[in-house]
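Me: I'd like to learn how to read a model like this from the bench side. Could you walk me through it, one feature at a time?

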Amino acid sequence: MKNTITINKTRDYDSVNGKFGEYGGMFVPPVLEEKLNLLAEQFEKYKNDSSFQQEFAYYLKNFVGRPSPLYYAHNLSKHIGSKIYLKREDLNHTGSHKINNTIGQILLAKRMGATEIVAETGAGQHGVATATAAALFGLKCKIFMGTKDAKRQSMNVSRIKLLGAELVLTEEGRGTLKDAVDAALGYYIENPEVYYLLGSQVGPHPYPTMVGHFQSIIGKEAKKQFIEREGRLPDNIMACIGGGSNAIGLFNDFLKDHEVNIHAAEGGGSGVLGQTAATLSLGKPGVFQGTYSYALTDENDQILPSHSIAAGLDYPGISPQHAMLKDLGRANYHIITDDEAIDAYRLLSKLEGIIPAIESAHAIALAEKLLKGKTGQISIINLSGRGDKDVERDLM
């Protein structure tokens with residue numbers, strides 16, 4: 001296992017080793033090193049291949065429904081007192097941003113000759129998106145999910161099964177996303193011939209790089225759409241953050257635009273260690289699930305259980321790229337509690353007729369907290385998913 005941490009204090013991205021400054025890298029058993037190195041090699045080969053790009057663009061447009069709209073939220077803007085646009089990833093096929101990455105990775109898996117796809121899921125959105133992509137291309141699919149998450153996201157459990165994927169529930173740990181990742185990685189180690197389609201911007205190299213690349217379509221579209229509407233760049237961009245994929249999808253195209261303020265809403269739970277998923281706000285650097293980044297740990301550096309009302313944010317690790325952005329001060333990470341997220345979930349539903357995923361509601365709550373009365377500013381919030389999956393839960 002690669003367990004020697006080489007600290008790189010530069011601000012640069014090292015594509016060879018998958019390092020974002022000092023964060024990232026590959027910390028896995030030897031059985032996975034060869035497989036992941038091949039995956040990194042194939043990703044670098046195909047990401048700039050014109051036929052791959054054309055096929056990816058075709059499915060994003062004709063299957064996913066991109067570009068997703070940039071919607072001026074008039075009533076929400078009036079309520080907060082600041083002009084707000086919503087990047088409507090909730091309108092994508094399958095109901096969230098997750099489909100962008102699953103289409104990209106499954107096209108890569110197909111070129112690598114994969115016949116079986118394995119994935120993890122928390123809120124179920126990545127599980128649904130993976131099962132959807134696997135059905136589209138006729139590939140066998142196995143989705144791992146924690147028992148706690150399966151109970152609170154029952155609609156997505158039904159969707160995964162309807163799409164033909166095998167759902168494997170794990171009772172290990174607390175039955176949440178961390179445990180689903182552990183189970184999926186275990187299956188991948190035992191069956192290295194399968195393709196592991198990781199859903200967030202976490203895990204060992206090359207996954208953070210790949211996921212960031214396939215989700216970057218969000219920010220590319222949003223930037224173009226915003227300039228067409230307003231003739232300038234936004235003052236602020238915001239997203240919720242669990243592992244980090246929807247946030248980095250919006251943020252990437254604005255990172256060099258230093259006049260744009262970048263904010264992310266972490267799943268704060270109750271706001272204290274052991275009852276929170278606010279990894280960047282309350283965690284510290286360490287190796288967790290194959291990468292070096294921030295994680296929620298105790299005084300003995302053991303991983304603590306996380307908690308968020310949002311299953312998709314309920315994870316004690318974080319993207320290594322977000323870890324770098326935090327240390328550089330380029331992006332700001334804020335704790336949003338369960339109660340604040342529930343209030344925002346109700347607010348957007350009643351003001352705009354848009355029921356957000358409880359994950360996305362964290363970003364709405366952050367906007368209300370940071371933008372109140374800032375009449376001269378214009379902002380983008382990434383609405384990462386829709387809330388159908390949360391309607392039957394006791395959030396009223």
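**Reading the model**

Reply: Let's start with one residue and its neighbours: leaving out residues up to four places away in sequence, Tyr-196 touches Gln-105, Val-118, Ala-119, Glu-120, Val-181, Ala-184, Leu-185, Tyr-188 and Tyr-207. Contact here means heavy atoms within 4.5 Å. Keep in mind that this is a predicted model, where local features need pLDDT of at least 70 and side-chain atom pairs count only at pLDDT 80 or more, while totals for chains, interfaces and linings use all residues. Residues are numbered from 1 along each chain as its sequence is written, and side-chain values use heavy atoms, with hydrogens and water left out.

Me: How many residues are in the largest nonpolar core, and which of them touch the most other members?

Reply: The general idea is that in soluble globular proteins, nonpolar side chains tend to be buried together. A nonpolar core is a set of buried Ala, Val, Leu, Ile, Met, Phe, Trp, Tyr and Cys residues joined through side-chain atoms within 4.5 Å. Buried means under 20% relative accessible area, exposed over 50%, and partly exposed in between, with a 1.4 Å probe and protein chains only. In this case the largest core has 56 residues, and Tyr-195 and Tyr-196 touch the most other members. There is also a second, separate core of 32 residues, with Tyr-85, Ile-262, Ala-323 and Ile-378 among them.

Me: How do I read aromatic pairs, and how many are there by this rule?

Reply: Rings of Phe, Tyr and Trp (its six-membered ring) pair if their centres lie within 6.5 Å; planes under 30 degrees apart count as stacked, over 60 as edge-to-face and the rest as tilted. That gives 14 aromatic pairs here. Take Tyr-46 and Phe-52: their centres are 6.3 Å apart with 35 degrees between the planes, a tilted pair. Both Tyr-46 and Phe-52 are buried. Phe-52 also pairs with Phe-214, at 6.3 Å between centres and 40 degrees between planes, so that pair is tilted.

Me: Why does the pair of Phe-52 and Phe-214 tie together parts that are 162 residues apart in sequence?

Reply: Because Phe-52 lies in helix α2 and Phe-214 in helix α9. For naming, helices (H or I, at least four residues) and strands (E, at least two) are DSSP runs, numbered from the N terminus. Phe-52 has 3% relative accessibility and Phe-214 has 1%. Zoom out, and ring pairs link Phe-43, Tyr-46, Phe-52, Phe-56 and Phe-214 into a cluster. As for α9, 8 of its 9 residues are buried, including Tyr-207, Met-210 and Phe-214.

Me: Which charged ends sit over the rings of Tyr-46 and Tyr-71?

Reply: The rule is that NZ of Lys or CZ of Arg must be within 6 Å of the ring centre and within 35 degrees of the ring normal. Arg-111 has its charged end over Tyr-46, 5.7 Å from the ring centre. Over Tyr-71 it's Arg-88, at 5.9 Å from the centre.

Me: What about the backbone: where are the cis peptide bonds?

Reply: Look at omega. Arg-66 and Pro-67 are joined by a cis bond with omega about 5 degrees, and Pro-67 is in the loop between α2 (50–64) and β4 (70–72). His-205 to Pro-206 is cis too, with omega near 15 degrees; Pro-206 lies in the loop between β9 (195–196) and α9 (207–215).

Me: Thr-94 has a positive phi although it isn't a glycine; is Thr-94 buried or exposed?

Reply: Its phi is about 85 degrees, and at 5% relative accessibility Thr-94 counts as buried. Asp-301 has a positive phi as well, about 65 degrees, but at 51% relative accessibility Asp-301 counts as exposed.

Me: Last one: how do I read cavities and pockets, and which residues lie nearest the centre of the largest pocket?

Reply: On a 1 Å grid over the protein atoms alone, a cavity is a set of points where a 1.4 Å probe fits but cannot get out; a pocket is an open set with protein on both sides within 12 Å along at least five of seven lines, and lining residues have an atom within 4 Å of a point. Grid points are joined across faces, edges and corners, and a volume is the space filled by probe spheres set on the points. The largest pocket holds about 650 Å³, and Tyr-13, Asn-252, Leu-255, Gln-321 and Met-324 lie nearest its centre. The largest cavity has a volume of about 350 Å³.
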